[in-house]
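Dear colleague,

Please find below the structure that I was asked to pass on to you. I would be grateful if you could read the notes beneath it with the structure open beside you.

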Amino acid sequence: MIEIKSLFKKFGSLEVLKDVNLTLNKGECVALIGPNGCGKTTLIKTILGMVLPNAGMVYFNQKPVLNTVNYKNEIGYMPQIGRYPENMSIGDVLQMIKDLRGNHTTDETLYDAYKLENILSKKMRNLSGGTTQKVSATLAFLFNPKVLILDEPTAGLDPIAAEILKEKILSERENGKLIIITSHLLSELDELVNRVIFMEEGQIKFNYEVNALKQITQQQTISKAITYILKGGNHV
Amino acid sequence: MYKIIRFVLLDVLKSKVLLSYLLLLATITWGVFSLEDNSTKGVLTLLNIMLLTVPLVSIIFSTIYVYNSAEFIELLVSQPIKRTKIWTGLYLGINLALFIAFSIGMGIPIVYMQGFEIGLMVYSVGVLISCAFVSLALFSAVYTRDKTRGIGAAIMQWLFFTLLFDALVVLFLFQFSDYPIEELMVGITLLSPVDIARILVILQMDIAAMLGHTGAIFKAFFGTTWGLIIAYIVLCLWSFIPFVISLQKFRKKDL
């Protein structure tokens, strides 16, 4: 569904992505992990066309995405830190995005679950980090997209809200959508993902199915398996 | 794209800055007309004030607005909307809002007080100057990521076009006063939107005769229909070219 071919990106003299190749298919739930500054967010932003690569290409359903926008109709994106126009209220933001996307049938599960209706008139600048994340999550799932890109989705959410989001991710996974999650909380990925991609210094170090990963490392959970590999034991 | 224009327009119209701008222009206009009994002098005073305030407000306000919309722009880019449409929508939205404020505060009152010939000239020139400086604001805002520097660049541009450029021209005139540079002066004038605007209006009035030999040559150029058309085209280019350059840059910008 999404194919990335030899992607390079430099910010000034800093090489953020070095020859990234990746194929992501329908129905997968992929965890994109790695230390801070390894290029996860840049990779995601390149897929979304917010960052333009120096070389290489991203394909969506076999079509190159450079300078096109229609494929974004199929993507729901939840940024790491949601930044919204400060003088708009939650209602304004939701209304504006609905307006811009045109007449879609909307999926308001998260809107209802997070009870956004009660705080629609609150201005974005007065929202706490967690509430902003709730708005981001609602927007990402609102148009029932085929691909969900979630950048640190549960960071800043309270346990109940995080649980609601996880359940939503699981139910969308059942619906056969492609879901890409970046996270540092390896423990919460266990129940969600079926593939793990580990990035380091702008390169993909390994890319395994979860079952294969557990088998190779002889560990029970993703976090233990990753730690095991990183400690250098039985490097595969 | 009209959705973005509408959104930006409503957002700007809601801001207090625009309302103060409107009130400022209205106060100046009514003040000048009630103080000056000679209407030609009134238009000249008004023209000079207009050529200081309109560029200043247009460039500073748009620069700040573009920087404050950084989040909004980022949000839009992650949605299925072409970058060209986002940037053009922003440009047209700001221009439209400033146009409304200028029309109500200054443009329409001038046409009402001065009649169509001079009134429409001042009105149209004011609108084009406003567009030119919004265009320059977008140009400097897209090239500098830092807000403070961007605003600094905007103030520098305003200073350059309203004060420094004239000083340089005078210096140039004195240095080369022994040579026949009058024709060259016409070309140099076209390099500053503020000067084109000023000369366009002045030459429509009888006082042009007081400008001496250079004035006569200016009159020979700008006084003709072709001169007028060229001057208007150059003014339009000033509101267009910086914007188009900024658009090219914005299409390739990492957000």
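The following paragraphs describe the pockets and the cysteines. Please bear in mind that this is a predicted model.

The largest pocket holds about 1,200 Å³ of space. It is lined by 41 residues, and those closest to its centre are Asp11(B), Tyr65(B), Asn68(B), Ser69(B) and Phe72(B). Two or more lining residues come from each of these elements: α2 (90-101) of chain A, and α1 (2-14), α2 (16-35), α3 (39-68), α4 (70-77) and α6 (116-143) of chain B. By class, this lining comprises 20 nonpolar, six polar and 15 charged residues.

The second largest pocket has a volume of about 410 Å³. Its lining consists of 16 residues, with Val169(B), Met185(B), Thr189(B), Ile199(B) and Phe218(B) closest to the centre. The elements of chain B that supply two or more of the lining residues are α7 (147-175), α8 (182-189), α9 (193-203) and α10 (212-222). The largest share, five residues, belongs to α7(B). Here the lining divides into 10 nonpolar, three polar and three charged residues.

I turn now to the cysteines. A disulfide is a covalent bond between the sulfur atoms of two cysteines. A search of the whole structure found zero disulfides over all chains. Why does Cys29(A) not form such a bond? The closest cysteine sulfur, that of Cys38(A), is 18 Å away and therefore too far for a bond, since a disulfide requires two sulfur atoms within 2.5 Å. Cys29(A) is buried, at 0% relative accessibility, and Cys38(A) is also buried, at 2%.

Yours sincerely

Note on methods
Residues numbered from 1 in each chain as written. Chains lettered and ligands numbered in written order. Predicted model: local features only at pLDDT ≥ 70, side-chain atom pairs only at ≥ 80, totals over all residues. Heavy atoms only, no water. 1 Å grid on protein atoms, 1.4 Å probe; cavity = no way out; pocket = protein on both sides within 12 Å on 5 of 7 lines; lining within 4 Å. Points joined across faces, edges and corners; volume = space filled by probe spheres on them. Helix = DSSP H or I, 4+ residues; strand = E, 2+ residues; numbered from the N terminus. Nonpolar A, V, L, I, M, F, W, Y, C, P; charged D, E, K, R; others polar. Buried < 20%, exposed > 50% of the residue type's maximum accessible area, 1.4 Å probe, protein only.
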